[in-house]
Amino acid sequence: MTYAEFFSEVKGKFMEADISDVTEHLAYQFNIIGEASGIFYVEAKEGKLHVEPYEYFDRDAMFTCKAETLMKIAEGELDPVLAVTLQKLKVEGNIDKALRLKDLIESKRKK
């Protein structure tokens, strides 16, 4: 899988999130390593979700993992906290805001 294919697929997964109850600004950068390596960001701002293939320098948290791991997290098949425990996901930055990633992922499954 190429980075472009991966990004297109993961962007679709994130765009399903319901962020209507997110009142704070959240900005996450994802560093994908291994196959389909690349960088993208997810930002919740003023009730809108943005997923773009760029670095985000003013981020709240940065996640580093393989594409396969992030897809499992985005599909709800792998809990992000468990992924960190299993050392499949590395997190840097504001841990409280990083934990909100789980809420974003779960919000799409409630639809």
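This passage looks at three neighbouring strands and at a cavity in a predicted model.

Strand β2 makes a handy starting point. It covers residues 38–45, and six of its eight residues are buried, so the strand is mostly covered. On one side, β2 pairs with strand β1, residues 26–33, in the antiparallel sense, and seven bridges hold the count for this pairing. To pick out one of those contacts, Gln 29 has Tyr 41 of β2 as its bridge partner. The two strands, β1 and β2, form a hairpin with four residues between them. Gly 34 sits in that turn, and its phi is positive, at about 80 degrees.

Strand β2 also pairs with strand β3, which takes in residues 48–52. This pairing is antiparallel too, over five bridges. Here Ala 44 is matched with Leu 49 of β3 as its bridge partner. The hairpin of β2 and β3 has two residues between the strands, and Glu 46 takes a positive phi there, near 55 degrees.

Now for the empty space. The model has one cavity of 30 Å³ or more, and the largest cavity holds about 40 Å³ of space. Its lining is made up of Lys 13, Phe 14, Ala 17, Ala 74, Leu 104, Ile 105 and Lys 108. Helices α1 (3–15) and α4 (95–109) each supply at least two residues of this lining, and α4 gives the most, with three. Sorted by class, the lining of the largest cavity comes out as five nonpolar residues and two charged ones, with no polar residues.

Definitions and conventions:
Residues are numbered from 1 along each chain as its sequence is written. This is a predicted model: local features need pLDDT of at least 70, side-chain atom pairs count only at pLDDT 80 or more; totals for chains, interfaces and linings use all residues. Side-chain values use heavy atoms; hydrogens and water are left out. Buried means under 20% relative accessible area, exposed over 50%, partly exposed in between (1.4 Å probe, protein chains only). Two strands pair if DSSP finds at least two bridges between them. On a 1 Å grid over the protein atoms alone, a cavity is a set of points where a 1.4 Å probe fits but cannot get out, and a pocket is an open set with protein on both sides within 12 Å along at least five of seven lines; lining residues have an atom within 4 Å of a point. Grid points are joined across faces, edges and corners, and a volume is the space filled by probe spheres set on the points. Ala, Val, Leu, Ile, Met, Phe, Trp, Tyr, Cys and Pro count as nonpolar, Asp, Glu, Lys and Arg as charged, and the others, Gly among them, as polar.
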